[in-house]
Amino acid sequence: MESARARALVPCLAFVCLVTAVIGSLGAPLIPSIAVMDHVSVTDAQWSLTITQLLAAVATPVMGRLGDGPHRRTVIVGALVLVVVGCVLAALPLGFATLLVGRALQGIGLGLTPLTIAVARDVLPVKRAVPVIALLSITAVTGVGLGYPLTGLVAQWGGVRAAYWLGAVASVLGLAAAAWAVPAARHRARTPLDVLGAVLLATGTASLLVAISEGESWGWVSPRVDGMIVASVLLFTVWVVWELRTAHPLVALRWVRDSSVMTASAAAVLAGVGMYLLLSTVTRLVQTPASTGYGLGQTVVVAGLALTPFSVGSFLANRLTPVLVRRTSPRTVLPMSCLILLAAMAMFTSWRENMTQIMVVMFVAGLGVGIIFAVIPGFLVRAVPSHETGSAMSFNQVLRYIGYAVGSALSAAVLQGHTHAGAAYPASSGYTTVGLLSCVVWLASAVVAVLVPLRRGGRRTSTTVPSREHAGSVAEATPPSSGPGPGPGPVLSGLDERSAE
């Protein structure tokens, strides 16, 4: 007879995914309120979102490697402890610097969902594991849609600090659930951790983000900005060389040489940038006073609600993508989704006078992003052996988080550049520029999605693609996104293309 702890495993894992979604919702809508509360510029307040994504980019592969060994339960519980500490630090009135430290620690929580999937894969029978993994993915997506308006409501009722106290309470409950229900994995072999790779990835990404964020105030051609960009390029170069040569890399970069993996990688970065250019900008626009002549003058609650259609569109995309793939192929669906997002950003550029228009834009954008992130796993599944799928997915997740962080920092830099001296808010032209920049990103994404798969020499071996009977093993290796947006979606995309061919 199954024990109470075993019966509670799936609900506890789902709750941890829900906590991850709540933590992710403590970012974008609160940025203007954080600027007022801590007496900093909105550009500086943007770091409360950017730093979370930066830490997520590093923490996700590190936690994945640590979680592959016998200490998976310790990694999950330890990560939740750090998230609790981060929420408390952000909630205490200790100043903006402490809030940033707290938000950085919260970023570690964004690497938890892949680990919950790994637990389900190992502990549950295959027939039960597949629907549970789907449930965990959907929970992460749905939780974001609920988390944004809930966070806004709590922040409006009790202030920004109350929103972070809410995160602390949720994290404590998630910690208790994980500590009780998640089993040990002592049977698994120890996996060496690539410490140098993690340090190089973190410093290279941080250097790039600081250069983007401070480019307007320091000067885009100043020695400091140029030096940090050069340093970032050098650090990433060294990181790539190291990852290709070390015996136990943080992420398996060798697979990027394959055309399918290269397509998925480029799409992940560009989609991450384009997605956060929109998310970071919309929450500011909605809360900008109407006295500026273009702002909507809404509360933080409404700003949270403005992102809900994005999650709804992403959720529907998870259902729509398999149909599109069966009727065409992932190679067709990927550029098509980029064009959907191009249309959404074209609308945003000249059509943002009221909440109805914003809601329509966000729904269309969510639909496009959802399709992109749903179809990406199919490219990876087709290209790599089954035992390397997890590593390929981990690298794609890293690229996605880097894209999120760059998009967040870039949106702040553009709006800062359109803020006149002494003004509290940017000119409307700043939002137009962000929209046009995002259009360029999505156009570039569509071009990449068309051209890269045409590249010769990619691996195309039938042994790398699992059959439909083994679809569960593919789903097991697929970590969902932890940010505001869709999870990996239907991993059968790659399989559907196979059958279509």
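Is T52 buried or exposed in this predicted model? At 3% relative accessibility, T52 counts as buried, and the views below begin with the whole chain before turning to this residue and to several others.

**View 1. Overall build of the predicted model.** The secondary structure of the protein comes to 19 helices and 0 strands. Of the 501 residues in the protein, 60% are buried, while the surface that the protein exposes comes to about 18500 Å², with carbon and sulfur atoms supplying 69% of it. Among contacts with a separation of 6 or more, 82% are made by residues 24 or more positions apart.

**View 2. Surroundings of T52 in helix α4.** T52 lies in helix α4, which spans residues 47-67. When neighbours within four places in sequence are left aside, T52 is in contact with R103, Q106, G107 and L110. Two of these names return in the next view, since R103 and Q106 are also among the residues touched by Y164.

**View 3. The largest nonpolar core, seen around Y164.** The largest nonpolar core has 113 residues, and those with the most contacts inside it are Y164, V282, V286, F348, I358 and I372. Helix α15 (residues 355-383) contributes the largest share of this core, 15 residues. A second core, separate from this one, has 32 residues, including L9, V10, V16 and L136. Not counting residues up to four places away in sequence, Y164 touches L26, L30, I34, C87, A90, A91, L99, R103 and Q106.

**View 4. Cysteines C87 and C439.** Which of the two accessibility classes, buried or exposed, applies to C87? C87 counts as buried, because its relative accessibility is 0%, and this cysteine is one of the residues touched by Y164. C439 is likewise buried, with a relative accessible area of 12%, a value that falls under the 20% limit for buried residues. A search of the whole structure finds 0 disulfides.

**View 5. The salt bridge between D38 and R161.** Side chains of opposite charge can pair when their charged atoms come close. How many salt bridges does the structure hold? The structure holds 1 salt bridge, in which the side chains of D38 and R161 meet at 3.3 Å, N to O. Because D38 lies in the loop between α2 (31-37) and α3 (42-45) whereas R161 lies in helix α9 (residues 160-181), the pair ties together parts that are 123 residues apart in sequence. Both D38 and R161 are buried.

**View 6. H39 in the loop between α2 and α3.** H39 lies in the loop between α2 and α3, the loop that also holds D38. Although H39 is not a glycine, it has a positive phi of about 55 degrees. H39 is exposed, with a relative accessible area of 73%, whereas D38 is buried.

**View 7. A nonpolar surface patch that includes L66.** L66, L193, V195 and V199 make a nonpolar surface patch of about 300 Å². L66 has its place in helix α4 (residues 47-67), the helix in which T52 lies. With a relative accessible area of 34%, L66 is partly exposed, whereas T52, at 3% relative accessibility, counts as buried.

**View 8. S232 in helix α11.** S232 has its place in helix α11 (residues 223-245) and is buried, with a relative accessible area of 2%. Not counting residues up to four places away in sequence, S232 touches G204, S207 and L208. The C-alpha atoms of S232 and L200 are separated by 9.4 Å, and these two residues are 32 residues apart along the chain.

**View 9. S265 in helix α12.** S265 is found in helix α12 (residues 259-287), where, at 7% relative accessibility, S265 counts as buried. Leaving aside neighbours within four places in sequence, the contacts of S265 are with V256, F395, N396 and L399.

**View 10. L367 in helix α15.** L367 is found in helix α15, the helix that supplies 15 residues to the largest nonpolar core. Not counting residues up to four places away in sequence, L367 touches G313, S314, A317 and L320. Between the C-alpha atoms of L367 and S337, which are 30 residues apart along the chain, the separation is 8.1 Å.

Key
Residues numbered from 1 in each chain as written. Predicted model: local features only at pLDDT ≥ 70, side-chain atom pairs only at ≥ 80, totals over all residues. Heavy atoms only, no water. Helix = DSSP H or I, 4+ residues; strand = E, 2+ residues; numbered from the N terminus. Buried < 20%, exposed > 50% of the residue type's maximum accessible area, 1.4 Å probe, protein only. Contact = heavy atoms within 4.5 Å. Core = buried A, V, L, I, M, F, W, Y, C linked by side-chain atoms within 4.5 Å. Disulfide = S-S within 2.5 Å. Patch = residues over 30% accessible without salt bridge, like charges linked within 9 Å, V, L, I, M, F, W, Y side chains within 5 Å. Areas by Shrake-Rupley, 256 points an atom, 1.4 Å probe, with all protein chains shown as cover. Salt bridge = Lys/Arg side-chain N within 4 Å of Asp/Glu carboxyl O.
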